[in-house]
Amino acid sequence: GDLGGARAGGGVGAGLAGGMAVRNGGSVEPPGLRMVPCLIIGDSRAGGVGQARPECAVVAEVGINSARYLQRLHGTRHARTVVISLGVNDSVDIETEDNLRRLRHTVSAEAVFWLLPGIHPGARDAVREIAKEFRDRIIDVAPMTGADHVHPGRTGYAKLASMTRRG
């Protein structure tokens, strides 16, 4: 069925779709253990990929860092394909690698794609390490980004959507 719903945006509720529900304290959990075909989680880049993949459920918030994601939007995730974009908004005092590892332990999927940040060497290293530990796939977003070296344009998001469709 259609997993459309609300797309990524500014608030907790804005990034929820596909049967996801916000409970007290902002924790997000799927109903039961129902597996969705595709789930995209994380920051504004996740929202951008979600716009290019309307068949996917999206749980994303613009500007969110990995620590805040774990506090507000985190929950157990089950999907055939999961795309994760987190870490680029982390400051130096955030334990990016530990946060991404905690998140990844709760993701169950046939294929997991990590969007490697275009900037932020610490986040790039953390994503590489976690993807290696879990034998996930990495997509380097840097060649697709615009002037801010963070966000791909429409063409870049379309390319990311295509790359994440190949299991």
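This report describes the fold, the nonpolar cores, the disulfide and several individual residues of a predicted model.

**Overall picture and confidence**

The protein chain holds 5 helices and 7 strands, and these follow one another along the sequence in the pattern β-β-β-α-β-α-β-α-β-α-β-α. Of the 167 residues in the protein chain, 53% are buried. Among contacts between residues at least 6 apart in sequence, 64% join residues at least 24 apart.

The mean pLDDT of the protein chain is 79, with 78% of its residues reaching 70 or more. Over residues 1–31, however, pLDDT stays under 50, although the model has 81 contacts beyond four places in sequence for this stretch. Where pLDDT is low, the predicted coordinates should not be read in detail.

**The nonpolar cores**

In soluble globular proteins, nonpolar side chains tend to be buried together. The largest nonpolar core in this model has 23 residues, of which Leu39, Ile41, Tyr69, Val82, Leu103 and Trp114 touch the most other members. At least two residues of this core come from each of strand E3 (36–42), strand E4 (57–60), helix H2 (66–72), strand E5 (77–85), helix H3 (96–105), strand E6 (107–116) and helix H4 (121–134). Apart from this core lies another, of 16 residues, including Val49, Cys56, Val58 and Val141.

Ile41 illustrates the surroundings of one of these core members: leaving aside neighbours within four places in sequence, Ile41 is in contact with Ala46, Val59, Tyr69, Arg77, Val82, Val83, Ile84, Ser85, Leu103 and Val107.

**The disulfide**

The model contains 1 disulfide, formed by Cys38 and Cys56 with their sulfur atoms 2.0 Å apart. The link of Cys38 and Cys56 is right-handed, with 85 degrees about the S-S bond. Because Cys38 belongs to strand E3 while Cys56 sits in the loop between helix H1 (44–52) and E4, the pair ties together parts that are 18 residues apart in sequence. Cys38 counts as buried at 2% relative accessibility, and Cys56 counts as buried at 0%.

**Helix H3 and its surroundings**

Helices H3 and H4 pack at an angle of about 35 degrees, their axes being 9 Å apart, and the crossing of H3 and H4 is right-handed. On the H3 side the residues that meet H4 are Thr96, Glu97, Leu100, Arg101, Arg104 and His105, and their counterparts in H4 are Ala123, Ala126, Val127, Glu129, Ile130, Glu133 and Phe134. The buried residues of H3 are Thr96, Asn99, Leu100, Arg101, Leu103 and Arg104, and what covers them includes E3, H2, E5, E6 and H4.

Leu70, which lies in helix H2, provides a view of the H2 side of these surroundings. Not counting residues up to four places away in sequence, Leu70 touches Asn99, Arg102 and Leu103. Leu70 and Arg102 are 32 residues apart in sequence, yet their C-alpha atoms are 8.3 Å apart in space. Leu70 counts as buried because its relative accessibility is 12%, the limit for buried being under 20%.

**Three loop residues**

The following table sets out three residues that lie in loops, with their relative accessible areas.

| Residue | Loop | Relative accessible area |
|---|---|---|
| Asp43 | between E3 and H1 | 0%, buried |
| His120 | between E6 and H4 | 22%, partly exposed |
| Arg135 | between H4 and strand E7 (137–140) | 78%, exposed |

Asp43 is buried, and leaving aside neighbours within four places in sequence, Asp43 is in contact with Ala60, Glu61, Ile64, Ser85, Leu86, Gly87, Val88 and Asn89.

The other two residues of the table are listed for their backbone as well. His120 has a positive phi of about 75 degrees although it is not a glycine, and His120 is partly exposed in the loop between E6 and H4. Arg135, likewise not a glycine, has a positive phi of about 55 degrees, and Arg135 is exposed, with a relative accessible area of 78%.

Conventions
Residues numbered from 1 in each chain as written. Predicted model: local features only at pLDDT ≥ 70, side-chain atom pairs only at ≥ 80, totals over all residues. Heavy atoms only, no water. Core = buried A, V, L, I, M, F, W, Y, C linked by side-chain atoms within 4.5 Å. Buried < 20%, exposed > 50% of the residue type's maximum accessible area, 1.4 Å probe, protein only. Helix = DSSP H or I, 4+ residues; strand = E, 2+ residues; numbered from the N terminus. Contact = heavy atoms within 4.5 Å. Disulfide = S-S within 2.5 Å. pLDDT = per-residue confidence, 0-100. Axes fitted to C-alpha atoms, helices over the stretch in contact; angles between N-to-C directions. Left-handed = near helix turned anticlockwise from the far one by under 90°.
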